[in-house]
Amino acid sequence: IIGWFISLSPSMLAEAIHSFADTSNQLLIYVGIRSSRGGPTKEHPFGKGQSRYLWNLISASGIFFIGFGVTTYHGVHSLLEPHHGDYSIGMTTIGILIFTFVVEFYAWYVAYMAVNADLEGRSYYQYLRYGDDPTAVGVFLEDSIAVAGVVIASIGIGLSSYFNSHIPDGIASIIIGLLIGVMAVILTFANSRLLIDASIAQSDEEEIKEFIVSHQTINNLVSMKTEILSPNRVRLSIEVEFNQDEIL
């Protein structure tokens, strides 16, 4: 924000908005995690684990409207109505960009290590598409775009200063906004599927089926349904035909 006040750069404003959205998002995710820790109650017999996904969804919606909407609008506005005067990069702006990159890269590295420790042989797509906790991936995506955003903003400001033109800076702001928008859509999809009774991965279901039918007291598995309740908690409903001879 200080860098934007100094430089009036659209891409610096984009990064300021992005940082605000990220910070707010982390707070919402924390609220969701705290809310989901409650155990089963009379009102919520299966616990409140899915509240984590609800708050993640609210967070993704906020990122879309604030991060993508405001940033992209300001980038387009800066192209249509540019500020007049020479573009110049002061040492304060350069220092802010370098400091921001170091901080964002460290946050990205921590998120990267956390996600890789939880992959268990799955790809990032499988982890996001079929996993039961998109929180870590969401943070990883946000930090990845944050690092990319600082680089894009630096390039846009540098090119605008070199060519003394508002166009590169405005385009950089729009690109940052589009990246935030794509991320918000991905996070919205990842969390919304878990709020509408998503089942576990097909491979995991097959493993459960094999375990059930291998038991000598089971003649036939008629039906099986799974529902993700929260990270590492699944509701399993099965209908089986028992082997009468083995039971008696």
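User: In this predicted model, what share of the exposed area of the protein chain do carbon and sulfur atoms supply?

Analyst: The model is a predicted one, and the surface in question is that of the protein chain, which exposes about 14,100 Å². Of that exposed area, the part supplied by carbon and sulfur atoms comes to 64%.

User: How many of the residues, as a percentage, count as buried in the protein chain?

Analyst: The protein chain has 248 residues, and a residue enters this count when its relative accessible area is under 20%. Ser59, in helix 3 (residues 51-80), is buried by that cut-off, because its relative accessible area is 3%. For the 248 residues of the protein chain, the share that counts as buried is 38%.

User: Which residues are in contact with Ser59, leaving aside its neighbours within four places in sequence?

Analyst: Ser59 has its place in helix 3, which covers residues 51-80, and the protein chain comes to 9 helices and 2 strands. Once the neighbours within four places in sequence are set aside, the residues in contact with Ser59 are Asn25 and Leu28.

User: What radius of gyration does the protein chain have, set against a compact globule of 248 residues?

Analyst: Along the principal axes, the C-alpha atoms of the protein chain fill a box of roughly 90 × 35 × 30 Å. A compact globule of 248 residues would have a radius of gyration near 18 Å, whereas the protein chain has 24 Å.

User: How far apart are the mean positions of the positive and negative charges of the protein chain?

Analyst: The protein chain carries 12 positive and 24 negative charges. Taking the mean position of each set, the distance between them is 10 Å.

Technical notes: Residues numbered from 1 in each chain as written. Predicted model: local features only at pLDDT ≥ 70, side-chain atom pairs only at ≥ 80, totals over all residues. Heavy atoms only, no water. Helix = DSSP H or I, 4+ residues; strand = E, 2+ residues; numbered from the N terminus. Rg over C-alpha atoms; globule rule 2.2 N^0.38 Å. Buried < 20%, exposed > 50% of the residue type's maximum accessible area, 1.4 Å probe, protein only. Areas by Shrake-Rupley, 256 points an atom, 1.4 Å probe, with all protein chains shown as cover. Lys, Arg positive; Asp, Glu negative; His and termini not counted. Charge placed at Lys NZ, Arg CZ, Asp CG, Glu CD. Contact = heavy atoms within 4.5 Å.
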